[in-house]
There are 2 protein chains.
Amino acid sequence: MRTLNVSLDSRSYPIHIGPSLLAEAALIVPFLPRPQVAVISNTTIAPLYLEKLTAPLLAAGVRVTEIILPDGEVYKNWETLNVIFDALLRERCDRATTLIALGGGVIGDLTGFAAACFQRGLPFIQVPTTLLAQVDSSVGGKTGINHPRGKNMIGAFWQPQLVLADTGTLTTLPDRELSAGLAEVIKYGLIRDGSFLTWCEANVERLMARDAEALTVAIERSCFHKAEVVADDERETASSGGRALLNLGHTFGHAIETGMGYGQWLHGEAVAAGMVVAAELSRRLGWLTAAEVDRVRTLLTRAGLPTEWPATLTVDRALELMAHDKKVIAGQQRLVLLKRLGEAVTWKDAPEADIRAAIESCRG
Amino acid sequence: MRTLNVSLDSRSYPIHIGPSLLAEAALIVPFLPRPQVAVISNTTIAPLYLEKLTAPLLAAGVRVTEIILPDGEVYKNWETLNVIFDALLRERCDRATTLIALGGGVIGDLTGFAAACFQRGLPFIQVPTTLLAQVDSSVGGKTGINHPRGKNMIGAFWQPQLVLADTGTLTTLPDRELSAGLAEVIKYGLIRDGSFLTWCEANVERLMARDAEALTVAIERSCFHKAEVVADDERETASSGGRALLNLGHTFGHAIETGMGYGQWLHGEAVAAGMVVAAELSRRLGWLTAAEVDRVRTLLTRAGLPTEWPATLTVDRALELMAHDKKVIAGQQRLVLLKRLGEAVTWKDAPEADIRAAIESCRG
């Protein structure tokens with residue numbers, strides 16, 4: 001087991017990474033203000049891992065409520081959140097109950113937001129079961145739900161007490177979701193760690209083959225970067241750089257996700273295509289060479305990810321969707337671009353013509 | 001104009017109290033990260049005060065979006081919150097937009113929770129127009145909505161940037177709501193300020209007659225106490241005392257509000273009847289004399305408030321509702337009781353038989 005720490009004063013918390021952590025009740029119990037938890041999972045993950053998690057907790061004398069939700073990004077909404085609230089009220093959960101998110105990013109975001117809002121705030125624990133959630137969404141405290149007009153529009157910053165990244169859960173992850181997680185892994189290399197990018201290029205086939213050792217390295221390095229960025233800029237208030245740099249490819253990616261309809265593209269897939277647009281735009285601003293853009297495209301392709309802009313999403317529609325993005329400041333688009341491979345920058349002066357051309361040139 | 005400060009490190013904020021503050025755009029503008037606000041009000045208050053607030057803002061070059069909601073506690077729910085979100089998205093509001101709550105406690109709670117959740121957090125300003133909101137709900141950062149199973153079950157701690165308590169708005173307040181506000185004013189006397197309680201007894205008729213000077217004293221003294229308590233215990237985490245003491249009468253009151261159906265009893269009315277039960281229970285524990293309980297009952301009656309438990313709400317049902325209250329810790333009822341007039345205490349050892357008897361003896 002490897003352990004990292006997210007340093008946030010009184011809200012600091014550990015991330016444990018390793019095999020079979022799910023069943024280690026001893027890692028969880030010390031964090032419970034009262035031996036009562038509500039485990040929130042979905043219909044895909046629960047049959048695989050719920051009992052592995054709950055049996056040791058029950059054996060340790062913890063009262064466990066199970067809340068099983070339907071699986072999918074389309075359920076990341078108010079109605080599903082209310083299913084959680086109803087269950088918590090029915091089971092008389094209160095501020096000393098700990099919520100445990102067992103699942104991917106959707107379960108983590110829903111559970112975290114439920115924890116932030118229920119009775120104005122409960123403790124919660126992240127047990128991410130997808131690569132994407134392990135390297136990104138379970139760390140950093142961003143929680144929330146989607147709104148018909150935009151992704152993650154409603155939410156809160158709410159830090160977990162603990163993150164348990166059990167690498168064993170990745171053995172049952174579908175290939176497409178493994179790839180989606182690799183998009184975020186590669187992102188850390190692109191934005192702040194050129195040598196990790198090189199490592200990814202050398203090891204992408206091992207990662208695709210779910211080599212346990214390679215995955216552990218990738219998760220630990222990713223969480224290290226995420227924790228460092230979040231510790232410096234918890235609430236994404238830095239006027240430049242900071243947490244915003246984690247959004248490389250995300251503004252374009254969110255436009256794809258929303259424009260194509262939630263659930264059609266996986267988040268990581270949209271981010272991958274978005275990162276190619278960001279790289280292409282960086283080339284147009286004179287920061288990357290065409291060869292470097294190709295290097296990005298090639299690595300993402302080897303990781304099983306799409307690199308082309310969806311043919312049916314027009315540039316006009318994409319720009320309209322991007323204008324609703326949370327990262328718009330004072331009406332001005334603040335994009336994350338690459339000064340070089342391994343160094344990102346937030347940039348608000350990209351000419352619209354260049355943005356349009358970058359999207360067009362990435363079209364399939 | 002009188003000014004108090006709520007001391008919460010980086011989240012500190014001023015409370016201004018006085019006549020005609022609504023129209024003082026100069027008090028608001030310095031707090032706006034961008035000259036753009038969304039004013040949230042209701043169909044009762046907007047015709048009276050909205051233009052008084054917005055005209056000077058518009059003259060100062062501030063872009064103003066108006067969001068007018070239906071009036072009433074029954075609308076303090078997710079559907080109404082979504083009306084706010086829809087309008088904010090339609091008007092392309094973002095993290096630099098400031099929300100302004102113009103109205104009573106329902107508008108303040110809805111607006112504050114919208115500010116807490118929209119894009120994971122916007123700044124907001126409270127402009128309370130009821131006595132209850134001016135002396136209680138606009139100060140302290142508690143925001144939220146009701147759930148069919150309980151009041152304020154979903155919410156957040158989210159502090160405003162500024163509170164403007166314009167005493168002029170109280171001239172149009174219905175008598176019943178004025179009285180409801182006085183319940184909370186009297187509460188501050190009961191829980192931590194015996195001399196203020198005596199002042200209330202001497203001045204209750206002036207307050208009922210809306211004597212401007214008396215109201216200003218009552219609001220300032222109330223906000224002083226609220227600010228001091230909140231500064232010591234922002235998130236209601238103190239294991240005893242602290243912010244919980246503000247809940248004198250509230251556990252019983254919430255049972256009345258929920259049990260009788262939202263909107264039948266005003267919050268302040270339910271708190272008044274709840275404070276009488278708390279006083280009666282305190283007598284049974286040997287802390288108050290029967291004469292002191294009568295003193296409480298008499299003052300509340302002079303303030304136009306109900307002091308009898310509703311005849312149709314059974315004790316069994318009340319205890320069931322109270323078990324769902326957020327102030328239940330580890331399944332144990334933590335009540336706020338009076339050690340003497342002017343000193344409250346949180347108490348978890350009140351025997352159920354005494355709780356039942358106290359409610360029964362207050363029945364109409």
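**Exercise 1. In this predicted model, determine how many residues of chain A are in contact with chain B, and describe which elements supply the side of chain A that touches chain B.**

*Solution.* Begin with the count: 30 residues of chain A are in contact with 30 residues of chain B. Next, assign these residues to elements, where helix H3 (78-90), helix H4, strand S7 (142-147), strand S8 (150-157) and strand S10 (328-329) of chain A each supply at least two residues of the side that touches chain B. The largest share, 6 residues, comes from S8(A). Finally, sort the side of chain A that touches chain B by class, which gives 15 nonpolar, 7 polar and 8 charged residues.

**Exercise 2. Find which operation superposes chain A on chain B, and state what relation between the two copies follows.**

*Solution.* The superposition of chain A on chain B is a rotation of 180° with 0.0 Å of shift along its axis, and its RMSD is 0.0 Å. The two copies are therefore related as by a two-fold rotation axis. As a further step, compare the contact residues of the two chains: 100% of those of chain A recur in chain B, so that the same surface serves both copies.

**Exercise 3. Establish the strand order of the open sheet of 7 strands in chain A, and locate the helices that lie on it.**

*Solution.* In chain A the order is S1-S2-S9-S6-S5-S3-S4, with mixed pairing. Strand S1 (2-6) and strand S4 (63-69) of chain A are the edge strands, each of which pairs on one side only, and the twist from one strand to the next averages 15°. Within this order, strand S5 (residues 98-103) and strand S6 (residues 124-128) of chain A pair in the parallel sense over 5 bridges, with A:Leu99 standing opposite A:Phe124 in S6(A).

Turning to the helices, helix H2 (residues 46-59) of chain A packs on the sheet and touches strand S3 (36-42), S4, S5 and S6 of chain A, its direction making about 170° with that of S3(A). Helix H4 (residues 105-117) of chain A lies across S3, S5 and S6 of chain A and runs at about 170° to S5(A).

**Exercise 4. Decide whether B:Ile45 is buried or exposed, and identify its contacts beyond its neighbours within four places in sequence.**

*Solution.* First place the residue: B:Ile45 is found in the loop between strand S3 (36-42) and helix H2 (46-59) of chain B. B:Ile45 has 22 other C-beta atoms within 10 Å, and because the cut-off for a buried residue is 20 or more, B:Ile45 is buried. Leaving aside its neighbours within four places in sequence, B:Ile45 is in contact with B:Leu102, B:Gly103 and B:Thr129. Lastly, the C-alpha atoms of B:Ile45 and B:Thr130 are separated by 10.0 Å, although these residues are 85 residues apart along the chain.

Methods
Residues numbered from 1 in each chain as written. Chains lettered and ligands numbered in written order. Predicted model: local features only at pLDDT ≥ 70, side-chain atom pairs only at ≥ 80, totals over all residues. Least-squares fit on C-alpha atoms with pLDDT ≥ 70 in both. Pairing = 2+ DSSP bridges. Helix = DSSP H or I, 4+ residues; strand = E, 2+ residues; numbered from the N terminus. Axes fitted to C-alpha atoms, helices over the stretch in contact; angles between N-to-C directions. Nonpolar A, V, L, I, M, F, W, Y, C, P; charged D, E, K, R; others polar. Buried ≥ 20, exposed ≤ 12 C-beta atoms within 10 Å, placed from the backbone.
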